[in-house]
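Let's take a friendly walk through the inside of a protein model. Keep the structure open beside you as you read, and look up each residue when its name comes along.

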Amino acid sequence: MTLTLVLTLLLAVLIGISLGLLGGGGSILTVPILTYVTGLDPKEAIAASLFVVGVTSAVGAVHHARNGRVRWRTGLVFGAAGMAGAFAGGLLGGRIPGAVLMIAFALMMVATSLAMLRGRRNGPAGAHDGELPLLKVVAEGLVVGLVTGLVGAGGGFLVVPALALLGGLSMPVAVGTSLVVIAMKSFAGLGGYLTTVSLDWGLVGAVTVAAVLGSFAGARLAGRIPEAALRQGFGVFVLAMGVLVLVQELPGAAGAVVGVTAAAAGVAAAVCWFAVPRCPLRTPLTA
């Protein structure tokens, strides 16, 4: 077993923890790991990530369901609509240059992270854990499915905000329900990519097993963390990964500018948090 494979499998455990805890982030981790650590072509990494995330999400959804954190009608309808969009996105994505896909992937991560950090405008009273309106679920599922199938993401980084911010579900329930959606859309997107991409199934299988093991730990933590903290952590995580991918993919000076700007913003945020008594970053997030 090579050092690269060992590192890949250890990082795959983090993929599972992310999915089990946050209901997303699997592809945000898997695609960069398989591209930059394992050395796969971006299109192969995207296709492989769909399988890894699909299987891991299905296993994680079972655990969340046992704890009452899955809304099945919402999840299945959203997932069915998303599968149609994801398959079309997968077909289209297989014909677009890998660098373009990775940059689009990163830009969507940044936009989504900012939405999660901002939170819902209607505050705590807007949160509920019932089923969502059918037509709204179908419309959101089609759009999210198309986008996530195109860039190879299972969709948690868009599904969780759609359920929590637009649908009004509490974060724990949005996380559990999103795993059902992610599993369905991931396999649909994979079907689209397999028309143009072949995979090393031995490697993919090993990464999947490691990710599933990690998902057990993440699912155990999901119901024990306050909702506002969970959403804030999700937003920061996605933002950091989006910036990292942009730095890797943008040519020369552009990538350096993004990296320096992100580092400066991070230092400013840390100074504000620890040294400014009335720092707005410490203002409690609305649930």
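## An open pocket

The second largest pocket holds about 200 Å³ of space. Before you explore it, please keep in mind that this is a predicted model. Three elements each give two or more residues to the lining of this pocket: helix H1 (3-22), helix H2 (26-37) and helix H10 (227-249). Of these, H1 provides the largest share of the lining, with six residues.

In total, 15 residues line the second largest pocket, and those nearest its centre are Leu-14, Leu-29, Ile-33, Phe-237 and Met-241. What kinds of residues make up this lining? There are 13 nonpolar residues and two polar ones, with no charged residue in the lining of the second largest pocket.

## A closed space

Now let's turn from pockets to cavities. Rolling a probe the size of a water molecule over the atoms shows where empty space is left. Here the count comes to two cavities of 30 Å³ or more, and the second largest cavity contains about 30 Å³ of space.

Which residues line the second largest cavity? They are Leu-34, Leu-40, Ala-48, Val-52, Leu-203, Val-204 and Val-207. This lining is made of seven nonpolar residues, with no polar and no charged ones. Helix H3 (42-66) and helix H9 (201-222) each supply at least two residues of the lining, and H9 gives the most, with three.

## The nonpolar core

In soluble globular proteins, nonpolar side chains tend to be buried together. In this model, the largest nonpolar core has 60 residues, and the ones with the most contacts inside it are Ile-15, Phe-78, Met-109, Tyr-193, Leu-199 and Val-207. Helix H8 (residues 171-193) contributes the largest share of this core, 11 residues.

Val-207 is a good residue to click on, as it appears both in the lining of the second largest cavity and among the core residues with the most contacts. Leaving aside residues up to four places away in sequence, Val-207 touches Thr-8, Leu-9, Ala-12, Leu-34 and Val-52.

## A closer look at helix H8

Let's finish with H8. This helix has 23 residues and reaches 31 Å from its first C-alpha to its last, close to the 33 Å expected at 1.5 Å a residue.

Why is H8 described as largely enclosed by the rest of the structure? The reason is that 20 of its 23 residues are buried, where buried means under 20% relative accessible area.

Conventions
Residues are numbered from 1 along each chain as its sequence is written. This is a predicted model: local features need pLDDT of at least 70, side-chain atom pairs count only at pLDDT 80 or more; totals for chains, interfaces and linings use all residues. Side-chain values use heavy atoms; hydrogens and water are left out. A nonpolar core is a set of buried Ala, Val, Leu, Ile, Met, Phe, Trp, Tyr and Cys residues joined through side-chain atoms within 4.5 Å. Buried means under 20% relative accessible area, exposed over 50%, partly exposed in between (1.4 Å probe, protein chains only). Helices (H or I, at least four residues) and strands (E, at least two) are DSSP runs, numbered from the N terminus. Contact means heavy atoms within 4.5 Å. On a 1 Å grid over the protein atoms alone, a cavity is a set of points where a 1.4 Å probe fits but cannot get out, and a pocket is an open set with protein on both sides within 12 Å along at least five of seven lines; lining residues have an atom within 4 Å of a point. Grid points are joined across faces, edges and corners, and a volume is the space filled by probe spheres set on the points. Ala, Val, Leu, Ile, Met, Phe, Trp, Tyr, Cys and Pro count as nonpolar, Asp, Glu, Lys and Arg as charged, and the others, Gly among them, as polar. The expected span of a helix is 1.5 Å times one less than its number of residues.
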